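The following exercises are intended for a reader who is meeting this structure for the first time. Each task is followed by a solution that proceeds step by step.

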Amino acid sequence: MFNNLSLRAKAIGFAIALGTLPVLGIGAIAYYFANRSITEDVMRLQQAYAVELADKISRFMFERYGDIQAIGNLAILADPRVSSIVPQKQKEETLNRYLDTYRVYDNIAVFDLSGNLIVKSRGEASGNHSNREYFQQVLKTQRPFISAPEFSQSTNDWAIYIAAPVKNVITGKIIAIARSRLPVKYLRERIKTLGSSQEQSHVIDPSGKIFVTYDPKEAGQQIESEYPLFDRVQAEKQADVKVVFSRSDKTDKVLATAPTPELAGMPKLNWIVLVDNDTAIAFRPQRDLLVTLLIGTGATAILVSAIAAVIADRTTKSINLIVSSISVSTSEIASTVEQQERVATQQASSVNQTTATMNELGASSRSTAEQAQLAAESAREVLNLAESSATAARQVLNLAQQGTQTVERTLEGMSALKEKVGAIAQQTLHLTEQTNQITGITNIVTDLATQTHMLALNAAVEAVRAGEHGKGFGVVAAEIRKLADQSKQSAQKINALVIGIQSAINSTVIVTNEGRKTAEEGIKLSQETAEAFTSVTKGIDEVILSKQQTSLNAIDNIVVSSQQISLTAKQQAIAIEQVVEAMNSLNQGAAQTASGITQTKIGIKKLEEAAQNLKAIV
């Protein structure tokens, strides 16, 4: 199917391919590397955000850890001397000021070592707290403690309890336990101020429960139900990022995890910060880049293809014009050569007929010479036998009349020969004019081939300039240049054949002129011979009618006339042989002309086939 396409279609196809494929290849490579870079950047940025968020949460809790110690060291609580003189209401107001100042607690309370409430701020803190984990841990370690997130039934939300021992400033012994309650909602709000609206942040406690999340419904759920890989993340205890499948959303998400760092002076939290983001949102720049590359690549490919198609179309149109000119020229040359072939064939036939006529005329001339010789011999016998002159005169008269008739036939043949030689001369001149036309047409073909060669060379140069985009044009230009060289070589062969034909025609013209001159001389000799025979006849009649006494003189005249007739007949035979030789030469020239025209016709057919092949290719 590809081979059946025209050169124009192939050139346009190659141009579009050369203009489109490199652009598409470059676009695909650019997208591949850009996609990798964007993917790595998105993953790295989300991991960095998770690490940063984990660090800020740790520092936030470190501040809360310091707050409870500051509360435990208040003089109204740690110094019995001050505590005894400060009213209970003033103590509560002091704790309320802490609530108003930090705005992250909903309750601050102080319990004695039995778990009973001593003083509290606003908010609920009823009952005995001796059985609470934070209370037991502080009594056991005598150090501040941060509890795991717990669900508060009173507030219907998760909360973190931070407790610290209240030590007597005089004895250094624990006399009470101070405790602050941090609702998770404040931690959630703090995370929102640090993060982005795209990423969804979660904080997971050591048991794997989610206690800080953007969706309150997920609070308290196990992270394994959403992301099965949590156990491995928890075991590795290091920041990581990967694309995982979300069971609830049924979509792929970019998941970044980071453990809260351990800070000096604060117990290790063992919390894990988890940041997830929908891949459709995270990798939106990739899609934008892909769309941009597709639009840019498509527009560039269309533009380059259009330019290449226009260039290929213009080039093939120029080649089509040249091929059409060559085809028309070859058709005209073929028509002219066929006409010349017919004329040359007719000329050869005429020459053959003329040669046959000349052969017959030569035979007649020889017969006339023999008869003239016999007449001379008879005249000599008449001279010896004067007495029988009357009878001999009659015989001589008969012979003279036969000679006269033979000379008249010779004269008629010579006249016909002259006319045929003239016709050959006219046909030869016409053939000369047609060969000149062939020479002009072959010169035009040579010029067209040269112009095609130059055009192909220019196309090859432009293809080299175009680099990889022009390789297809280079192949097309090389094929066109080969066809132009073949056309030029065929035209040169035709020129050589035409030169040979012109040489043969020139020889034919010379031989024809010589034949015409010889025929004219033969006509003159025949006329002189006819006059001589007429004189002989008249002489014989006069001898018969005149007196017997003058017979001897007449016989002498007859002898002389017979000798002249014999001489004239011999000259006529020689002239006719020369004409025959000239006609043979003319016949050979006509044969050479016909052969040269046949070779020219073959060359023209080859040139026409080359032009048709070139036209079919284009």
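**Exercise 1. The nonpolar cores**

Which residues have the most contacts inside the largest nonpolar core, and how many residues does this core have?

Solution.
Step 1. The model is a predicted one: local features need pLDDT of at least 70, side-chain atom pairs count only at pLDDT 80 or more, and totals for chains, interfaces and linings use all residues. Residues are numbered from 1 along each chain as its sequence is written, and side-chain values use heavy atoms, with hydrogens and water left out.
Step 2. A nonpolar core is a set of buried Ala, Val, Leu, Ile, Met, Phe, Trp, Tyr and Cys residues joined through side-chain atoms within 4.5 Å. Buried means under 20% relative accessible area, exposed over 50%, and partly exposed in between (1.4 Å probe, protein chains only).
Step 3. The largest such core has 49 residues, and Ile57, Met61, Ile71, Ile160, Leu187, Phe211 and Trp271 have the most contacts inside it.
Step 4. Helix H1 gives the most to this core, with 11 residues. Apart from it lies another core of 10 residues, including Phe111, Ala125, Tyr134 and Tyr161.
Step 5. In soluble globular proteins, nonpolar side chains tend to be buried together.

**Exercise 2. The protein as a whole**

State how many helices and strands the protein has, and what share of its residues is buried.

Solution.
Step 1. Helices (H or I, at least four residues) and strands (E, at least two) are DSSP runs, numbered from the N terminus. The protein has 12 helices and 11 strands.
Step 2. Of its 618 residues, 43% count as buried.
Step 3. Contact means heavy atoms within 4.5 Å. Among contacts between residues at least 6 apart in sequence, 71% join residues at least 24 apart.

**Exercise 3. Helix H4**

Compare the expected span of helix H4 with the distance between its end C-alpha atoms.

Solution.
Step 1. The expected span of a helix is 1.5 Å times one less than its number of residues.
Step 2. H4 covers residues 88-102, which makes 15 residues, so its expected span is 21 Å.
Step 3. The end C-alpha atoms of H4 are 22 Å apart, which agrees with the expected value.
Step 4. The buried residues of H4 include Lys91, Thr94, Leu95, Asn96, Tyr98 and Leu99. Just after the helix, arginine 103 takes a positive phi of about 55 degrees.
Step 5. Two of these residues, Leu95 and Tyr98, are in contact with isoleucine 71, as are Leu77, Ile108 and Ala178, leaving aside neighbours within four places in sequence.

**Exercise 4. Salt bridges**

Determine whether the partners in two salt bridges, lysine 56 with glutamate 52 and lysine 253 with aspartate 276, are buried or partly exposed.

Solution.
Step 1. A salt bridge is a side-chain nitrogen of Lys or Arg within 4 Å of a carboxyl oxygen of Asp or Glu. The structure holds 10 of them.
Step 2. Lysine 56 and glutamate 52 meet at 3.0 Å, N to O. Both lie in helix H1, 4 residues apart, about one turn of the helix.
Step 3. An α-helix has 3.6 residues a turn, so residues three or four places apart point the same way.
Step 4. Lysine 56 is partly exposed because its relative accessibility is 32%, and glutamate 52 is partly exposed at 39%.
Step 5. In the second pair, the closest N and O atoms of lysine 253 and aspartate 276 are 3.7 Å apart. This pair links distant parts of the chain: lysine 253 is in strand S10 (residues 252-259) and aspartate 276 in strand S11 (residues 272-278), 23 residues apart.
Step 6. Lysine 253 is buried because its relative accessible area is 5%; aspartate 276, at 2%, also counts as buried.

**Exercise 5. Isoleucine 162 and serine 180**

Where do isoleucine 162 and serine 180 lie, and what does each touch?

Solution.
Step 1. Isoleucine 162 is in strand S5 (residues 157-167), and serine 180 is in strand S6 (residues 174-183).
Step 2. Isoleucine 162 is buried, with a relative accessible area of 0%. Serine 180 is likewise buried at 0%.
Step 3. Beyond four places in sequence, the contacts of isoleucine 162 include Met61, Tyr65, Phe145, Ala178 and Ser180.
Step 4. With that same exclusion, serine 180 touches Ile68, Tyr105, Asn107, Ile108, Ile160, Tyr161 and Ile162.
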